[in-house]
Amino acid sequence: FLAFGNGAPDIFSAFAAITAAKATDNKYDISLAIGALFGAGIFVSTVIVGAICIASPFSLTSRPFLRDAIFYLAAVTWTFSIIWRGEMYLGEALGFIGLYFFYVTVVVLGRYIYQKHKKRQTGTGDIPSPPVTEAGEELRHS
């Protein structure tokens with residue numbers, strides 16, 4: 001739900017821009033709205049990740065990163081093919097929504113499979129989370 005909450009303003013602003021562009025029959029505004037969505041995705045993928053790495057270096061888990069990169073590249077490739085063709089059909093629009101639900105299913109099933117695998121190896125399926133104080137800061141164990 002965090003991704004939806006983070007992306008909701010983009011959804012509604014793009015919807016408003018595309019609706020306004022269709023009312024005036026201005027294809028340039030539609031392209032601008034789509035470009036803004038991809039610009040936001042690139043910004044998050046580069047600047048935000050880079051800034052976080054500089055502020056607090058961390059190690060990256062390869063499987064989730066690769067999964068997310070593959071889904072992102074699939075969506076970008078699909079969008080590019082639609083833009084290249086110059087038209088989009090209802091089935092493709094529904095396909096994008098289906099792709100997202102497929103992504104969520106892969107994430108949930110991947111987590112479930114990982115926990116089952118971890119449980120077999122260690123005897124516990126829970127992945128421990130650090131305790132959190134009321135202020136949201138992690139407790140440090142000595």
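Of the 142 residues of the protein chain in this predicted model, 8% count as buried. The accessible surface of the chain comes to about 11700 Å², and 69% of that surface belongs to carbon and sulfur atoms. The secondary structure consists of four helices and zero strands, so that reading along the sequence gives the pattern α-α-α-α. Among the contacts with a separation of 6 or more, 38% are made by residues 24 or more positions apart.

Two residues, one from a helix and one from a loop, can be set side by side.

| Residue | Location | Relative accessibility | Class |
|---|---|---|---|
| Isoleucine 82 | helix α3 (residues 62–85) | 7% | buried |
| Phenylalanine 58 | loop between α2 and α3 | 43% | partly exposed |

Isoleucine 82 counts as buried because its relative accessibility of 7% is under the 20% cut-off. Leaving aside the neighbours within four places in sequence, isoleucine 82 is in contact with Glu87, Met88, Glu92 and Phe96. One of these partners, glutamate 92, stands 10 residues away along the chain, and its C-alpha atom is separated from that of isoleucine 82 by 8.7 Å.

Phenylalanine 58 counts as partly exposed because its relative accessibility is 43%, a value that falls between the limits of 20% and 50%. Phe58 also belongs to a nonpolar patch on the surface, which it forms together with Phe43, Val44, Val47, Ile48, Ile52, Leu60 and Phe65, and the accessible area of these eight residues together is about 740 Å². Helix α2 (residues 27–55) supplies the largest share of the patch, namely five residues.

Methods. Residues numbered from 1 in each chain as written. Predicted model: local features only at pLDDT ≥ 70, side-chain atom pairs only at ≥ 80, totals over all residues. Heavy atoms only, no water. Helix = DSSP H or I, 4+ residues; strand = E, 2+ residues; numbered from the N terminus. Buried < 20%, exposed > 50% of the residue type's maximum accessible area, 1.4 Å probe, protein only. Contact = heavy atoms within 4.5 Å. Patch = residues over 30% accessible without salt bridge, like charges linked within 9 Å, V, L, I, M, F, W, Y side chains within 5 Å. Areas by Shrake-Rupley, 256 points an atom, 1.4 Å probe, with all protein chains shown as cover. Salt bridge = Lys/Arg side-chain N within 4 Å of Asp/Glu carboxyl O.
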